[in-house]
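Reader: I'm new to this structure and would like a close look at a single part, one of the helices. Could you walk me through it slowly, and then show me what else is worth a look?

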Amino acid sequence: MARDYYGILGVDKNATDQEIKKAYRKMARKYHPDLNPDDETAAEKFRDAALAQEVLLDPQKRQIVDMGGDPMEQGGGGAGAGAGGFGGFGGGGLGDIFAEFFGGGAGGSRGPKSRVQPGNDALLRTRITLEEAYTGLKKKVTVDTAVLCDTCSGTGSESKSKPVTCDNCNGMGEIQEMQRSFLGNVMTTRPCPKCQGFGEVITDPCNHCAGDGRVKKRRDITVNIPAGINDGMRIRMASQGEVGHGGGPAGDLYVEVHTEEHPVFQRNADDLNLTVRVPMIDAALGTNFTIDQLNGEELTIDIEPGTQPGESIKVDGAGMPRLRTDGFGNLFAHVDVVVPKDLDRKTRESLEKIRNSRDEGARVRTTGDGQEESFFSRIRDKFRR
Ligand SMILES: [Zn+2]
Ligand SMILES: [Zn+2]
């Protein structure tokens, strides 16, 4: 059964944090063990007051108290353990929606568990383009989670009346049974079937949520995705997860952001890479070309005369925005020199003329021959590296 934390400190339900601290200090002075040696009642009051202050100054714990629960009676298991009803999400064609829940697992506690439990965290995945990762955006996502039941305001009771002590287990939340075995009498303990281990029952369960205090609902929420977000990062949205059993405070929602592949750019941390196909003549004579950047602006990249296959051109600051600091990564344009095939007669004659005038036939480089490297030897060296 839930303890009366307000009553322990003698404060009002609407007490401010200041009033709670003041009431605690007053009790602490009165019941401090140093002033009351050998007084077990005073020691207990001192401990209770400290606990009540801790609970009431914690907004989440206080909310559980206000919903009629006891945050210090959660048992050893995960929050909302097996509360049931909100397991299978995202069934069939829901697009963005495939919220899953962490946690769970049955609490192996003894004694009654609090009817009001904090809610589970939820996880949702969403996909964005590389352009969106560059600029950042506010993205609307649809999420299916347990929300507070409007009909009973989370109390689980149609008339919003307080739960009553379970008469099957006398509020213990568990039933002890003596069983005869060949070893003699064995005492076994199991959760009370009438109150499901809560130690209290709702006499008129809410028709809308069947006493659970929450219902499943689809909501649209807006996620603020920062510029420069990396693939697979999770954005935490406080209290947007699943509302707990009995109307307990909601867990958090995590939105996991995945970036789609881009047809031009490959991302490497804060840097961007792209490959440019440069015709042989342009690589020899030099040229420039223009690309559309992720922010929509054009960028002109110069190819210097004599650019070699496999060279990369670095453009400072033309990469992705850095997520945690100012500034941008760099852009690397990797040059792929394209050699023409299927030459027409005229082009072929022109190239032959150039070849004859250049006198630079393919040759194997020998050690220290001092000659300019041939194209083929360079290729060979490249494979050796
Ligand atoms: Zn309800
Ligand atoms: Zn019971």
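Author: Sure, let's start with helix α2. Its buried residues are I20, A23, Y24, M27, A28 and Y31. Look down the axis of α2 and those buried residues fall within an arc of 135°, so they line one face of the helix. There is a general reason to expect such a pattern: an α-helix has 3.6 residues a turn, so residues three or four places apart point the same way. Keep in mind that this is a predicted model.

Now turn to the other side of α2, where Q18, K22, K26, R29 and K30 are exposed. And what do the buried residues of α2 pack against? They pack against α1 (5-9), α3 (40-57) and α4 (59-66).

You can also check the length of α2. It covers residues 17-31, which is 15 residues, and at 1.5 Å a residue these should span 21 Å. The end C-alpha atoms are 21 Å apart, so the expected and actual spans agree.

One of those neighbours, α4, is worth a glance too. In α4, the buried residues are R62, I64 and V65. They cover an arc of only 155° around the axis, which puts them on the same side of α4. The buried residues of α4 pack against α1, α2 and α3.

Further along the chain come the metal sites. The zinc ion (ligand 1) has C149, C152, C206 and C209 as its protein donors, each through its SG atom, at 2.2 to 2.3 Å. Along the chain, these donors follow the spacing C-x2-C-x53-C-x2-C. The 4 donor atoms subtend angles of 104 to 116° around the zinc ion (ligand 1), so the arrangement is tetrahedral. Two of the cysteines can be checked for burial, where the cut-off is under 20% relative accessible area. C149 has 1% relative accessibility, so C149 counts as buried, and C152, at 0%, counts as buried as well.

The zinc ion (ligand 2) is coordinated by the SG atoms of C166, C169, C192 and C195, at 2.2 to 2.3 Å. Here the angles between the 4 donor atoms run from 101 to 118°, which makes the arrangement around the zinc ion (ligand 2) tetrahedral. The donor residues are spaced C-x2-C-x22-C-x2-C in sequence. C166 sits in the loop between β4 (164-165) and β5 (174-181), while C195 sits in the loop between β6 (184-191) and β7 (200-201), so the pair ties together parts that are 29 residues apart in sequence. C166 counts as buried because its relative accessibility is 1%, and C195 counts as buried at 2%.

Those loops lead straight to the strands. β5 and β6 run antiparallel and are joined by 8 bridges. A hairpin of 2 residues connects β5 to β6, and R180 has N185 in β6 as its bridge partner.

For another hairpin, look at β13 (residues 287-292) and β14 (residues 298-303), which run antiparallel with 6 bridges joining them. T290 stands opposite T300 in β14. This hairpin has 5 residues between the strands, and G296 takes a positive phi near 90° there.

Key. Residues are numbered from 1 along each chain as its sequence is written. Chains are lettered from A and ligands numbered from 1 in the order in which they are written. This is a predicted model: local features need pLDDT of at least 70, side-chain atom pairs count only at pLDDT 80 or more; totals for chains, interfaces and linings use all residues. Side-chain values use heavy atoms; hydrogens and water are left out. Two strands pair if DSSP finds at least two bridges between them. Helices (H or I, at least four residues) and strands (E, at least two) are DSSP runs, numbered from the N terminus. Donors are N, O and S atoms within 2.8 Å of the metal (3.2 Å for Na, K and Ca); water is not among the atoms, so sites may look incomplete. Four donors count as tetrahedral if all angles lie between 85 and 135 degrees; four count as square planar and six as octahedral if opposite donors are over 155 degrees apart and all others between 65 and 115; anything else is irregular. Buried means under 20% relative accessible area, exposed over 50%, partly exposed in between (1.4 Å probe, protein chains only). The expected span of a helix is 1.5 Å times one less than its number of residues. The arc is that of the directions from the helix axis to the C-beta atoms. Contact means heavy atoms within 4.5 Å.
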